[in-house]
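Subject: Structure handover

Hello,

Here is the structure I promised to pass on. Please open it first, then read my notes below.

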Amino acid sequence: MLMPESQIKLYYKNVTAEIIGKEHGITDTQLKALAEKTSPLIAKLNKERKAGKTPYRDLPFNEKTVQKVKELTAELKDRPGYGRLRPDECENLVVLGIGGSALGNIALQTALNPYMHNLDDSQRPGPRLFVFDNIDPSQLVSFLDWIDDKLDKTIFNVISKSGQTAETASQFMIIRQLLLDKFGPAGLKNHIVATTDPKQGTLRKIAVEDKLQCLEVPEGVGGRFSVLSAVGLFSAAMCGIDIDLLLEGACDMDKRVGSEDFYKNPAAINAAINYHFYNTGKKISVMMPYSYALKDLSDWYRQLWAESLGKAEDLTGSEVHIGPTPIKALGTTDQHSQIQLYREGPNDKLFTFLQVNNFNQDIKIGPAPDCAPELGFLAGKDLSLLLNSEKIATEYALLKSKRPCLTVLFPEVNAYTVGQFIYLYEVTTSCAGALFDINPYNQPAVELGKEATFALMGKTSFEELAQQIQPLTELDGDFLV
Ligand code: PA5
């Protein structure tokens, strides 16, 4: 039975013609047409799901994975000679991964653990978490200098479905050698958890050879849809996040987004509204949480939306070059950076706010200094009241400029509501893919850049590509100012 007071909700009145006028808002007739177009697509998605074509939808129900993640987490905590994985003994968990193998981990950590998790031992219910999804050498060297004398209390979780991703592979090769030098071959087994394809791929091969502890990236699940698998669950569980509650939230959202009644299905309505605005000239989709905790969920969404919906061809093979551009912004920070453009620039954006009704912690604003009575209106008020008032104020200002605004309402930020949000947006993406008539599960355009990197780094069988790229490796002085 769903707990209604803890369900996240999608509020869509402020995209309607009633609020922002017929030129920019959705009319009743248009909404009805969207319902008619989308309803059969929900049925189609449900059928595909039943036929096992969208295995990401079953991840929240996969008890085997949860069991495995919990067993490994417990084993690492209790390993003899290593020490229990309490904050005072195993101090650091380092995730090596990129894209779908990192963004979900970061989002869960920011949303569900305290802001000072890494710095304040008393605030963290597990090891510190570092996620390396970049290969800037200065960043890594600085980190390695810091962690060098703490390696005995550190676990590295390398996440790569393919094992071929140059960024993750290179980080892994650096860490692997470091651990070998410090602890010998046992160091690999004791300090690395590899999350990768269950059967094949480079990382699986290495994991078998090095006898690494392993978790699985499920077959048929792309990186950006994998956060509710071992990819996201392991670092979350290690760092004290309630993964049962997270998955319960996703399971409960599954009931809502499976509904073939358009008006009761938040994924269908969300996708249809996004589709409508894309087709009526608002091709940019801004997600703007009014909660620091939720800020990295908009980063996770950005990848999900961009890689899934930005496609050259539709399902018939016709060239379409389609896809809304996702932008992340943060309230209130970006009110002081972006709102001028959002209100007075081109009316080409759909806004989605994330709003939190009850913050886990709150604080009252202090009294105004005697010399500044003009600040008295703030004195004694909850900081959350100011934050949520600024959300309403910003939305009001945008509506005045006839900009459509959606809001996802969180009763509070916890594992249950975050699980709902993740699942809602994953299914919204599938539904938007169906509306745009494209395949949201591949990412062919990412490949060429990866291959060009292989070529530039001298990988065999990429010699011809290396020659084609060669002119780009030299700057033409005539164009250098
Ligand atoms: O969503 C995706 O599929 C990508 O972002 C991948 O997760 C990313 O490219 C990393 O790939 P891999 O897990 O194979 O290292």
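Start with Leu119. This residue counts as exposed because its relative accessibility is 69%, and the cut-off for exposed is over 50%. Leu119 sits in the loop between helix H4 (103-112) and strand E3 (128-132). It also helps to form a nonpolar surface patch of about 500 Å². The other members of that patch are Tyr115, Met116 and Tyr292.

Keep in mind that this is a predicted model.

**The ligand**

Which residues come nearest to the ligand? They are Ser160, Lys161, Ser162, Thr165 and Gln303, out of 14 residues around it. The shell around the ligand divides into one nonpolar residue, nine polar and four charged.

Look next at the oxygen atoms of the ligand. A backbone N or O atom of Arg224 lies 2.9 Å from one ligand oxygen. For Gly223, a polar backbone atom is 3.3 Å from an oxygen atom of the ligand. Glu307 uses its side chain instead: a polar atom there lies 3.2 Å from a ligand oxygen. On its own, the ligand has 390 Å² of accessible area, and the protein covers 89% of that.

**Salt bridges**

Side chains of opposite charge can pair when their charged atoms come close. The count for this model comes to 21 salt bridges. Here are some to find.

Take Lys199 and Glu219. Their side chains meet in a salt bridge, at 3.5 Å from N to O. This pair links distant parts of the chain, 20 residues apart. Lys199 is in the loop between strand E5 (192-196) and helix H8 (202-210). Glu219 is in the loop between strand E6 (213-216) and helix H9 (230-238). Are the two residues buried or exposed? Lys199 is exposed, because its relative accessible area is 62%. Glu219 has 47% relative accessibility, so it counts as partly exposed.

Now go to helix H10 (residues 243-257). Asp252 and Lys255 are three residues apart there, so about one helical turn separates them. Their side chains form a salt bridge of 2.9 Å, N to O. Asp252 counts as buried, because its relative accessibility is 7%.

There is also a network. Salt bridges link Arg49, Arg57, Asp58 and Asp254.

**Around Lys391**

Helix H14 (residues 383-400) holds both Lys391 and Glu395. They are four residues apart, about one turn of the helix. Their side chains meet in a salt bridge of 2.7 Å, N to O. Where do these residues stand on burial: buried or exposed? Lys391 has a relative accessible area of 3%, so it is buried. Glu395 is buried too, with a relative accessible area of 7%. The cut-off for buried is under 20%.

Lys391 has a further partner. Its side chain makes a polar contact with the side chain of Gln355, at 3.0 Å. Gln355 lies in strand E11 (residues 349-358). At 11% relative accessibility, Gln355 counts as buried. The contact therefore joins two buried residues, Gln355 and Lys391.

When you open the model, try this order:

- Find Leu119 in its loop, then the patch with Tyr115, Met116 and Tyr292.
- Find the ligand, then Arg224, whose backbone comes within 2.9 Å of a ligand oxygen.
- Find Lys391, then Glu395 and Gln355.

Best wishes

How values were computed: Residues numbered from 1 in each chain as written. Predicted model: local features only at pLDDT ≥ 70, side-chain atom pairs only at ≥ 80, totals over all residues. Heavy atoms only, no water. Near = heavy atom within 4 Å. Polar contact = N/O pair within 3.5 Å; in protein donor to acceptor, adjacent residues only side chain to side chain. Areas by Shrake-Rupley, 256 points an atom, 1.4 Å probe, with all protein chains shown as cover. Nonpolar A, V, L, I, M, F, W, Y, C, P; charged D, E, K, R; others polar. Patch = residues over 30% accessible without salt bridge, like charges linked within 9 Å, V, L, I, M, F, W, Y side chains within 5 Å. Salt bridge = Lys/Arg side-chain N within 4 Å of Asp/Glu carboxyl O. Helix = DSSP H or I, 4+ residues; strand = E, 2+ residues; numbered from the N terminus. Buried < 20%, exposed > 50% of the residue type's maximum accessible area, 1.4 Å probe, protein only.
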